[in-house]
Amino acid sequence: DFTPRLGTADTKITLRGTGFNLRADYNMVHLAASMIRVTEVNSDGTELKFLVPDSWTGAAPSPLTINFDEDVSVGPKATSAFPFAPTPPTITDFIPKTGPTDTEITLRGTGFVLNASYNYIHLGTGGQVRAHEVNLTGTELKFRVPAYWSSIAAGALILNFSSPAPDTPGATSTASFTPVPAEEGASSLLALTDFSPKTGAPCTEVTIKGTGFHLKPYKNFIHLSDAGYIVAHEVNAIGTELKFRVPDSWEKASAGKLTLSFSDDPITDPIKVSTSADFTPTAIKETDCEKDKDTPGTGSRNFAPNPILSIRLEQSISVRPNPASQYIEIDTPAPTHLKIIDPTGKVLRAEQIARGLHRISIQDLSAGSYLLLLQIGSEGTSYTFIKS
C-alpha cells in the first residue's frame, strides 16, 4: 500500500511492502514512463519514502511500480493495487441523474484512470461500482447502476480509486443521483408537467413532459380512463420526456386525464400520476397516418377495416425469426395485445400494437426461451421463441 494516494509536486509518499533495497537510491518508483529515486528506506526494507517529482504533474492516474532499474520493464518489480493521482480528479456533470438498476451513467470530469476498472463510483454508504469504460483522455467514464443502490436515498456521486468507503483522492458531484426502486421502475420524482397535443386520432404522436419516467420506453404505461393503455415508444436520456401514439382502442373513448404508471393496471399500481388537463380522442382522418401506411414497425395504424378472424390466430399471425438475437417481427391482421414472459412466469413486457408488421427489440433479454402471448379481442394464442 502507499499513502497518500493523491499528491502534487514535492508531496512525500510513503510506500509499504517487502524486499526493498536497503540503499534508498537503488529503489526506483515509476508512474507510467516517468521515474523517481527513493529518498528514504527503513532498516528492514518494508517502508520507503519519496517526493513526487515535477515531471509527474498533469500525468494520468496510474499504479506505481517499484524496481531497481531506470527501465520500468526490468524485473524484479512490484506494482501497487491502486493508482496514484498526481492531480486531483474532478466531476463536472453526469447524465442521467436518475435511473433503475442497470442504467448506464455517463460521468464527465478530469483525472480519471485510463484503466476503467480502477475508477470506483460511490453513492453515500450504498456501496461502490467500477466504471466499465473510460475515454482516451480520462475525461469521461461510464458505469451501470448496481442493484444494491435501488434501496438507498439520493445523494452525490463520489469518484475515487479505492473500493472501500469514499476517501481521497476523490471528487464529488454537485448534483445528486436518485436511484429508482428496482421492482417499481419509478421514483418519488415521478411527475407530469404537460403534454401535447391535447387532442388526436389514432396514430397521433403525443409528447408528455415531466420527471421520473422509466428509461426503458416499454415500462411506461399511458392510460385513458377505461379505454385501455399504450406504452411509450421513446423516452429521452434523463427520463423527462416520453412519446406514444394514440391507440385504436381510444378512438371512441370520452375525453379524460392521462395516467402514467409502470404496469398495465393503474388501480393497483402504487406508482402512478395523472395529467391536470384532459386528452380528447377524435375521429379518424384518412390523411393522419397516410405517410406511415406502408412503414412497418412504426406503430402506425392502417385504416382499412379490421378483418373478421375466420381462421385460427396462429395461422393469421406471423412471428419471425426463431431463434432471434436482436428482434422479432410480428405481422398481425388487427390491433393486438402482446406479452413477453420469462421461464419464471414474470411478465417482462406488455404493450398494444396496431395492425401490420412490427419489429420488437429483444436486445435487453438474456439468452433463453420466452413465451409470447398475443391477443386480438377475445381470442388469444401463444408462441415460444428462443433468444440466442
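Here are some worked exercises on a predicted model of a protein.

**Exercise 1. Get the overall picture: how many helices and strands does the protein have, and what share of its residues count as buried?**

Start with the secondary structure: the count comes to one helix and 33 strands. Next, take burial. Of the 388 residues, 44% count as buried. Then look at the outside, where the accessible surface is about 18,400 Å², with 52% of that belonging to carbon and sulfur atoms. Finally, check how contacts span the sequence. Taking contacts between residues at least 6 apart, 56% join residues at least 24 apart.

**Exercise 2. Find out where confidence in the protein is lowest and where it is highest.**

Begin with the average: the mean pLDDT is 79, and 83% of the residues reach 70 or more. Now go to the extremes. Confidence is lowest in helix H1 (residues 313-316), with a mean of 54, and highest in S5, with 94. Then pick out weak stretches. Residues 182-188 have a pLDDT below 50, and the model gives this stretch 17 contacts beyond near neighbours in sequence. Residues 286-312 also stay under 50, with 47 contacts beyond four places in sequence. How should you treat such parts? Where pLDDT is low, the predicted coordinates should not be read in detail.

**Exercise 3. Work out the strand order of the sheet that contains S1, and say which strands stand at the edges.**

Step one is the order: this open sheet of four strands runs S1-S2-S6-S5, with antiparallel pairing. Step two is the edges. Strand S1 (2-3) and strand S5 (40-41) each have a single partner strand, so one side of each is left without a neighbour in the sheet. Step three zooms in on one pair: S1 joins strand S2 (residues 12-16) over two bridges in the antiparallel sense. Within that pair, Phe2 has Leu15 of S2 as its bridge partner.

Stay here a moment for the loop between S1 and S2, where you'll find Asp10. Asp10 isn't a glycine, yet its phi is positive, at about 75 degrees. What's unusual about that? Most residues other than glycine have a negative phi, and most peptide bonds are trans. Asp10 also counts as exposed, because its relative accessibility is 57%.

**Exercise 4. Do the same for the sheet that contains S3, then place Ser62 in it.**

First, the order: S4-S3-S7-S8, an open sheet of four strands with antiparallel pairing. Strand S4 (34-37) and strand S8 (78-84) are the edge strands, each pairing on one side only. On average, neighbouring strands of this sheet are turned by 25 degrees against each other, direction ignored.

Next, the S3 and S7 pair. Strand S3 (residues 28-31) and strand S7 (residues 62-67) are antiparallel and share four bridges. His30 sits opposite Thr65 in S7.

Now for Ser62, which lies in strand S7. Is Ser62 buried or exposed? Ser62 has a relative accessible area of 17%, and the cut-off for buried is under 20%, so Ser62 is buried. Leaving out residues up to four places away in sequence, Ser62 touches Leu31, Ala32, Pro83 and Phe84.

**Exercise 5. Trace how S20 pairs with S18 and with S24.**

Take S18 to begin with. Strand S18 (residues 191-196) and strand S20 (residues 205-211) pair over five bridges, in the antiparallel sense. Asp194 stands opposite Lys209 in S20. Then turn to S24: five bridges join S20 to strand S24 (residues 241-245), again running antiparallel. In this pairing, Val206 faces Phe244 in S24.

Just before moving on, check Cys203, in the loop between strand S19 (199-200) and S20. Cys203 isn't a glycine but has a positive phi of about 90 degrees. Cys203 counts as buried because its relative accessibility is 4%.

**Exercise 6. Locate the cis peptide bonds before Pro76 and Pro323.**

Look at Pro76 to start: the bond from Gly75 to Pro76 is cis, with omega near 0 degrees. Pro76 belongs to the loop between S7 and S8. Then look at Pro323, joined to Asn322 by a cis peptide bond with omega of about 5 degrees. Pro323 is in the loop between strand S27 (318-320) and strand S28 (327-332).

Note on methods:
Residues numbered from 1 in each chain as written. Predicted model: local features only at pLDDT ≥ 70, side-chain atom pairs only at ≥ 80, totals over all residues. Heavy atoms only, no water. Pairing = 2+ DSSP bridges. pLDDT = per-residue confidence, 0-100. Contact = heavy atoms within 4.5 Å. Axes fitted to C-alpha atoms, helices over the stretch in contact; angles between N-to-C directions. Buried < 20%, exposed > 50% of the residue type's maximum accessible area, 1.4 Å probe, protein only. Areas by Shrake-Rupley, 256 points an atom, 1.4 Å probe, with all protein chains shown as cover.
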